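Trainee: I would like to learn how the terms used for a protein model are justified. Could we go through some of them slowly, setting each value against its definition?

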Amino acid sequence: MVTDGPLLTVTGVQRSFHVGSQRLDVLKGIEMELLPMQLVMLKGRSGSGKTTLLNLIGGLDQPNEGEIMFQGHPFHRCSDDERTHIRRKEIGFIFQSFALMPLLSAWENVELALRMAGTPRSQWKSRVTHCLELVGLGKRMHHRPFELSGGEQQRVAIAKAIAHRPSLILADEPTAELDSQMGAQIMSVFRDIITSEQVTICMTTHDPTILEVADHVYEMVDGRFVS
């Protein structure tokens, strides 16, 4: 469901970790918002805090201070069970390493995502076909990951992430393992699914060549956004 206001807002978020007796401040007062049907990029060097922020947005971790509001819910105050429920329904994840089940075909990998989300069985066939065709794998859907190129494996991962119709996709360095041509193709797929699936995508990157396709870029240096 596309709403007029922000899909997600991050207000004054801080996150620190204890390493031995030392406190390591990773995020230092983050303010951001994700609007419906946008492609937002978190740009920064390794260690700048991008992945930590992505984990907080996805409810995989919680901030020490600040608020994360997702579709009007105070995500930062939810219990583990509540966050898991919201993630299963509303959020899809894409990882740098593709995170596919190696013995399952592309079709079976996407179907597995629907099983885990509790999607009615009667919808599986049409939804899996739709998602794989959307990412350009209509003719490769019965191949296993080792029979697919890196770009094709990432397309399977995208199909898997959108299968349960989430409102938000979080992608951690989705083009890092791909050459620049494949990376550009993946960004083109992202733009297509934003329109067709009415989804917001927030991704991390340190690849300057793909920034121009973003609706908004947040640059992160040492746990803060710089303008």
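Mentor: Let us begin with a pair of side chains, keeping in mind that this is a predicted model. E67 and R77 form a salt bridge, in which the closest N and O atoms are 3.9 Å apart.

Trainee: Why is the contact between E67 and R77 called a salt bridge?

Mentor: The rule asks for a side-chain nitrogen of Lys or Arg within 4 Å of a carboxyl oxygen of Asp or Glu. The closest N and O atoms of R77 and E67 are 3.9 Å apart, so the pair is within the 4 Å cut-off and takes the name. In general, side chains of opposite charge can pair when their charged atoms come close.

Trainee: What parts of the chain does the salt bridge of E67 and R77 tie together?

Mentor: E67 belongs to strand β4 (residues 65-70), while R77 sits in the loop between β5 (73-74) and α2, so the pair ties together parts that are 10 residues apart in sequence.

Trainee: How do you know whether E67 and R77 are buried or exposed?

Mentor: Exposed means over 50% relative accessible area, buried means under 20%, and partly exposed lies in between. R77 has 60% relative accessibility, so it counts as exposed, whereas E67, at 34%, counts as partly exposed.

Trainee: How many salt bridges does the rule give, and where do R115 and E111 lie?

Mentor: The count comes to 11 salt bridges, and one of them joins the side chains of R115 and E111 at 3.3 Å, N to O. Both R115 and E111 lie in helix α3, 4 residues apart, which is about one turn of the helix. R115 has a relative accessible area of 43% and is therefore partly exposed, while E111, at 17%, counts as buried because buried means under 20%.

Trainee: What makes R140 and E152 a salt bridge, and which parts of the chain do they link?

Mentor: Their side chains meet at 3.3 Å, N to O, which is within the 4 Å that the rule allows. This pair links distant parts of the chain, with R140 in the loop between α4 (124-134) and α5 and E152 in helix α5, 12 residues apart. R140 itself is partly exposed, with a relative accessible area of 26%.

Trainee: Why is V19 called exposed, and which residues form a nonpolar patch with V19?

Mentor: V19 is at 52% relative accessibility, and it counts as exposed because the term means over 50%. V19, found in strand β1 (residues 8-19), forms a nonpolar patch on the surface with F17 and L24, and together they have about 260 Å² of accessible area.

Trainee: What lines the largest pocket, and how is its lining divided by residue type?

Mentor: The largest pocket holds about 500 Å³ of space and is lined by 19 residues, of which I91, F93, M116, K160 and H164 lie nearest its centre. The lining divides into 13 nonpolar, 3 polar and 3 charged residues, and its largest share, 4 residues, comes from β6.

Trainee: What is notable about phi in M37, and where is M37 placed?

Mentor: M37 has a positive phi of about 60 degrees although it is not a glycine, and its place is in the loop between β2 (22-34) and β3 (39-43). At 28% relative accessibility, M37 counts as partly exposed.

Definitions and conventions:
Residues numbered from 1 in each chain as written. Predicted model: local features only at pLDDT ≥ 70, side-chain atom pairs only at ≥ 80, totals over all residues. Heavy atoms only, no water. Patch = residues over 30% accessible without salt bridge, like charges linked within 9 Å, V, L, I, M, F, W, Y side chains within 5 Å. Areas by Shrake-Rupley, 256 points an atom, 1.4 Å probe, with all protein chains shown as cover. Helix = DSSP H or I, 4+ residues; strand = E, 2+ residues; numbered from the N terminus. Buried < 20%, exposed > 50% of the residue type's maximum accessible area, 1.4 Å probe, protein only. 1 Å grid on protein atoms, 1.4 Å probe; cavity = no way out; pocket = protein on both sides within 12 Å on 5 of 7 lines; lining within 4 Å. Points joined across faces, edges and corners; volume = space filled by probe spheres on them. Nonpolar A, V, L, I, M, F, W, Y, C, P; charged D, E, K, R; others polar.
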